[in-house]
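Hi,

Here is the structure I promised to pass on. Have a look at it first, and then read my notes underneath.

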Amino acid sequence: MLPMFRELPRAGTPLKWQDIRSAGLYAVTSGSPFAAAFARWLSVERVWVVSSGRAALCLILRELAKRSPRREVIIPAYTCPTVPLAVARAGLQVRLCDVDHATGNLDARGLAEAVGDETLAVVPVHMHGIPCDMRLILPLALKHGVFVVENCAQAAGATLDGQKIGSFGDASFFSLGRGKGFTAYEGGIGRIADSRLPIADYRGEITEGLAEGLTIAKLLAMAVFFHPRLYWLIRALPLGWDNEVYGLDFAISRMGRFRHGLALSLLGRLDEIVAERRQKAEYLRKQLRGVPGVQLLEPPVGSRPSYPWLPMLVEKRDKSVRRLRAKGLGAYRLFTCSLNQYEYLQGIVSQGSYAAAEYVAAHLITLPTHEYVTRWDMDQMVTLLAEVAF
Ligand SMILES: Cc1ncc(COP(=O)(O)O)c(C=O)c1O
């Protein structure tokens, strides 16, 4: 097969020369701290920065577990497999709750049934940057004395009733991982509202020297290859990007200064980036509404999703992805199993049947919304889905 000479990256954020330059400067000088700038942006008192989103979740849960004898954490049955692994790494038990077919997020009624005397925390995941309805989840959690830990890995910049996602729960975390709407290649941001927690001083297993250098090299490669004319080159390499098997042995460490600087630079235009993505997602949604075989996931009233990509459920999913990919349109099957279906998670997650989560896993397609996606690309996506989705 001939190599494809134009292929849209499926997710992620293009980095600019100015981001790299700012990151380099930040690494060698003492710039104003990224964590403080992010806390201001989120309108919270303070946040701390670690090596990944999963590391942040694990640290949050370890801290919450000190405040209660309860040991169970409720998470949605369709989300990133690193979520149950972070719960297990914190020494806690995972209980799955089905998702809502219409939003793809935690089902509030299911949650009311799942919460019990053993529930330490619930982790609503704002999947695809679509806010969970915190107006339903927070009172329920309060009633049962359960902590709410917002998973904002995909949701930097989303709002609900004008308030930023990540500022609602008792705690929250963001991911700065590759492929996210707000990225430093790897990294995580955590927050605990009522915090005397010394995590800001967290030392852990410090990533420095060679490991940090390697991460920066990968970050620079990502910056270069995140372009429709070059992306196919890096996709042709066996980098394991489609691998959905993750381990319990993830690093819990600090994030290097270069990446702090990069994140600070991106934060300066994050609202602009999110607004552009939202605009593209809204255009696609408008065109796709009523297309047979396509079901759009619906954000709750009063919310503004961040859409790092646009999710939808498609009847003929695999055929549609193949056809969209053949045209270089960046379609992707995000996580192809619900958490109860991954063999390597058995023994970590509760077993049972989670019909909506299984349906989502079998039908989800994401389409890119980043700055390289043109109106022409979006019209092509819609035309093709209208041909093959049903
Ligand atoms: C919903 C969700 N939660 C948690 C994570 C974990 O973030 P990280 O890769 O930074 O550990 C991800 C990353 O893909 C995610 O999508």
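Let's start at the ligand. An oxygen atom of the ligand sits 2.7 Å from an N or O atom in the side chain of S175. How much of the ligand does the protein bury? On its own the ligand would expose 390 Å², and the protein buries 92% of that. Two elements each give two or more residues to the shell around it, namely α3 (53-65) and α4 (82-89).

Before going further, please keep in mind that this is a predicted model, so everything here is computed from it.

Back to the ligand, then. S175 is not alone in having a polar side-chain atom there: for Q154, an N or O atom of the side chain is 2.8 Å from an oxygen atom of the ligand. With N151 the partner is a nitrogen atom of the ligand, which lies 2.9 Å from a polar atom of that side chain. In total, 14 residues surround the ligand, and the closest are G53, R54, Q154, S175 and K180. Sorted by class, that shell has eight polar residues, four nonpolar ones and two charged ones.

One more residue you may want to click on is S52. Where along the chain is S52 found? Look in the loop between β1 (48-50) and α3. Is S52 buried or exposed? S52 has a relative accessibility of 13%, and the cut-off for buried is under 20%, so S52 counts as buried. Leaving out residues up to four places away in sequence, S52 touches G187, G188 and A251.

Now for the chain as a whole. DSSP gives 13 helices and 13 strands. The radius of gyration is 20 Å, close to the 21 Å that the globule rule gives for 390 residues, so the chain is as compact as a globular protein of that length. If you want a feel for the dimensions, the C-alpha trace spans about 55 × 50 × 40 Å along its principal axes.

As for what is inside and what is outside, 58% of the 390 residues count as buried. The accessible surface of the chain comes to about 16200 Å², and carbon and sulfur atoms account for 55% of that. Contacts also reach across the sequence: taking those between residues at least 6 apart, 75% join residues at least 24 apart.

That's what I have so far. Happy browsing!

Notes
Residues are numbered from 1 along each chain as its sequence is written. This is a predicted model: local features need pLDDT of at least 70, side-chain atom pairs count only at pLDDT 80 or more; totals for chains, interfaces and linings use all residues. Side-chain values use heavy atoms; hydrogens and water are left out. A residue is near a molecule or strand if one of its heavy atoms lies within 4 Å of it. A polar contact is a pair of N or O atoms within 3.5 Å; within protein, one must be able to donate a hydrogen and the other to accept it, and residues adjacent in sequence count only if both atoms are side-chain atoms. Accessible areas come from the Shrake-Rupley method with a 1.4 Å probe; for residues, only the protein chains shown count as cover. Helices (H or I, at least four residues) and strands (E, at least two) are DSSP runs, numbered from the N terminus. Ala, Val, Leu, Ile, Met, Phe, Trp, Tyr, Cys and Pro count as nonpolar, Asp, Glu, Lys and Arg as charged, and the others, Gly among them, as polar. The radius of gyration is taken over C-alpha atoms; the globule rule is 2.2 Å times the number of residues to the power 0.38. Buried means under 20% relative accessible area, exposed over 50%, partly exposed in between (1.4 Å probe, protein chains only). Contact means heavy atoms within 4.5 Å.
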